[in-house]
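Student: I have a new structure open and I'm not sure how to read it. Could you walk me through it?

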Amino acid sequence: MGNRKDEHVDLALAQRAGITRNDFDDVRFVHHALGGVDRASVSTSVEVAGATWSVPFYLNGMTGGSERTGVINRDLAVAARETGLAMAAGSLSAYLKDASTAPSFRVIRDENPTGFVMANVNATVTPDDAQRAVDLLEADALQIHINSVQETVMPEGDRDFASWPSAIASIVERVGVPVIVKEVGFGLSASTLARLAELGVQYADVSGRGGTDFARIENSRRRLGDYASLVGWGQSTPEALIEADASTAQLPVLLASGGVRTPLDVLRALALGARAVGVSGHFLEVLVEHGVEALVEHIRSWQEQLAALQTMLGASTPGALSQQELILHGTLLEFCTSRGINPAAVSRARGRGTLPSKGQR
Ligand SMILES: Cc1cc2nc3c(=O)[nH]c(=O)nc-3n(C[C@H](O)[C@H](O)[C@H](O)COP(=O)(O)O)c2cc1C
């Protein structure tokens with residue numbers, strides 16, 4: 001297990017160079033030259049899982065379980081503490097199987113005693129084990145990752161998925177903190193989101209395609225590399241958000257991650273309906289290539305840019321971004337056509353595009 005987490009880090013970093021264009025590039029804001037507000041009237045804070053986060057982005061779940069990933073977790077936790085970012089641990093499966101790996105996870109809380117920390121488990125653990133993972137980190141929330149594509153390509157992966165919905169419902173019922181169900185880079189469809197709501201899940205991170213690709217990572221770990229056809233599987237993050245936005249079903253509060261490269265991508269995801277946005281591969285790359293101080297500086301720059309862009313767009317809160325008018329391009333338009341979604345309605349959903357009439361100005 002320790003080796004697997006080390007391999008994941010190396011393979012995730014190796015694919016960073018190829019992540020240039022993704023579906024976020026097909027989402028543009030309509031520019032309104034007189035649309036800006038004053039910086040002093042802008043707040044970047046959001047409410048997530050019963051807490052107030054100072055910015056609407058966070059360090060998403062990655063790692064732990066080996067000596068090297070313990071060092072990475074320590075550095076990520078220092079960056080989270082210095083910038084006030086919420087942070088998720090990687091899967092605590094290693095700890096649940098072998099308690100000697102505890103320090104590689106516990107360091108996240110030790111370095112950041114008052115920060116917002118999320119534990120992370122898979123959908124096969126018992127409610128008691130989920131609670132053990134929460135307890136180790138004194139976590140404020142629990143992520144449950146659902147990753148059937150990754151498991152399918154992983155040489156030693158699970159092949160039994162039928163019990164996941166009932167396991168999720170049991171964990172939600174028993175665990176003493178808010179639960180966030182997340183994908184790992186393949187997207188959550190609207191019907192999956194509706195099912196999660198039925199299971200009592202309040203928060204879901206659509207974590208779509210466009211960044212870290214675990215089909216590619218796991219395929220590189222196969223001797224024959226014979227699952228190459230699954231590389232690129234799933235819905236992109238903007239696609240998942242657009243489909244959720246068009247749904248009339250009751251859905252959990254949406255978080256988004258997958259392929260977020262810039263503060264502008266954060267704004268795009270917020271405009272498409274996410275409450276907050278997770279970043280994994282990009283921040284990991286900055287940390288491993290440039291060190292923890294550079295990561296802190298980088299996150300601070302994102303925090304500043306986010307406030308600056310909200311000011312320019314006239315969004316006094318992150319939630320107000322959902323009122324922005326958007327223009328969709330390229331494969332996102334094809335996605336809308338194929339899924340029966342009116343692309344013009346996406347950019348006007350929830351009151352978007354409704355400028356006051358002449359008499360009201
Ligand atoms: C090295 C690495 C390890 C990861 N391990 C986990 C994990 O243990 N649990 C989990 O829920 N997601 C894990 N993820 C997935 C991320 O949380 C996220 O869903 C995915 O990487 C997409 O975001 P990105 O494009 O910003 O990397 C991992 C990602 C990376 C890069």
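Tutor: Let's go through the ligand site, the cores, and then a few single residues. Keep in mind that this is a predicted model.

Student: Let's start with the ligand. Which residues come nearest to the ligand?

Tutor: The general idea is to list the residues around the ligand and then pick out the nearest. Here there are 22 residues around the ligand, and Gly61, Met62, Lys182, Ser207 and Thr212 come nearest. Sorted by class, that shell has 14 polar, five nonpolar and three charged residues.

Student: Which helix gives the most to the shell around the ligand?

Tutor: That's helix H1, residues 2-14, which gives four residues to the shell.

Student: How do I read polar contacts with the ligand?

Tutor: Look for pairs of N or O atoms within 3.5 Å. One case involves Lys182: a side-chain N or O atom there is 2.8 Å from an oxygen atom of the ligand. With Ser91, a polar backbone atom is 2.8 Å from a ligand oxygen. Then there's Lys5, where a side-chain N or O atom is 3.0 Å from an oxygen of the ligand.

Student: And how much of the ligand's accessible area does the protein cover?

Tutor: On its own the ligand has 600 Å² of accessible area, and the protein covers 97% of that.

Student: Next, the cores. What's the general idea there?

Tutor: In soluble globular proteins, nonpolar side chains tend to be buried together. In this model, the largest nonpolar core has 88 residues. Those with the most contacts inside that core are Phe57, Leu92, Leu142, Ile144, Ile168 and Phe283. Helix H13, residues 292-313, gives the most to this core, with six residues.

Student: Can we zoom in on Ile168? What does Ile168 touch?

Tutor: Not counting residues up to four places away in sequence, Ile168 touches Ala123, Ile144, Ile146, Val181, Leu196, Leu199 and Val201. There is also a second, separate core of 15 residues, with Val48, Trp53, Ala88 and Ile180 among them.

Student: How do I read a helix that packs against other elements?

Tutor: Find its buried residues, then see what they pack against. In helix H5, residues 127-137, the buried ones are Pro127, Ala130, Ala133, Val134, Leu136 and Leu137. They pack against helices H3 (93-97), H4 (102-110) and H7 (164-174), as well as strands E6 (117-122) and E7 (141-145).

Student: What comes after H5?

Tutor: Glu138 follows H5, and Glu138 is in the loop between H5 and E7. Its phi is near 45°, a positive value in a residue other than glycine. Is Glu138 buried, exposed or partly exposed? Buried means under 20% relative accessible area and exposed means over 50%. Glu138 has 47% relative accessibility, so it counts as partly exposed.

Student: Where else can I see a positive phi?

Tutor: Try Ser207, in the loop between strand E9 (203-205) and helix H9 (214-220). Phi of Ser207 is near 20°, again positive in a residue other than glycine. Ser207 has a relative accessible area of 5%, so it is buried. You met Ser207 earlier among the residues that come nearest to the ligand. Gly291, just after helix H12, also takes a positive phi, of about 95°. As for H12 itself (residues 281-290), its buried residues are Gly281, His282, Phe283, Leu284, Val286 and Leu287.

Student: How do I spot residues that are distant in sequence but come together in space?

Tutor: Compare the separation along the chain with the C-alpha distance. Gly278 and Gly61 are 217 residues apart along the chain, while their C-alpha atoms are separated by 8.5 Å. Gly278 lies in strand E11, residues 276-279, and it is buried because its relative accessible area is 2%. Leaving aside neighbours within four places in sequence, Gly278 is in contact with Tyr58, Asn60, Ala256, Ser257, Gly258 and Val260.

Student: One last case, please. Is Gln150 buried or exposed?

Tutor: With a relative accessible area of 7%, Gln150 is buried. Gln150 lies in helix H6, residues 148-153. A polar contact of 2.9 Å joins its side chain to that of Glu218. Beyond neighbours within four places in sequence, the residues in contact with Gln150 are His8, Val184, Phe186, Phe214 and Glu218.

Terms used:
Residues are numbered from 1 along each chain as its sequence is written. This is a predicted model: local features need pLDDT of at least 70, side-chain atom pairs count only at pLDDT 80 or more; totals for chains, interfaces and linings use all residues. Side-chain values use heavy atoms; hydrogens and water are left out. A residue is near a molecule or strand if one of its heavy atoms lies within 4 Å of it. A polar contact is a pair of N or O atoms within 3.5 Å; within protein, one must be able to donate a hydrogen and the other to accept it, and residues adjacent in sequence count only if both atoms are side-chain atoms. Accessible areas come from the Shrake-Rupley method with a 1.4 Å probe; for residues, only the protein chains shown count as cover. Helices (H or I, at least four residues) and strands (E, at least two) are DSSP runs, numbered from the N terminus. Ala, Val, Leu, Ile, Met, Phe, Trp, Tyr, Cys and Pro count as nonpolar, Asp, Glu, Lys and Arg as charged, and the others, Gly among them, as polar. A nonpolar core is a set of buried Ala, Val, Leu, Ile, Met, Phe, Trp, Tyr and Cys residues joined through side-chain atoms within 4.5 Å. Buried means under 20% relative accessible area, exposed over 50%, partly exposed in between (1.4 Å probe, protein chains only). Contact means heavy atoms within 4.5 Å.
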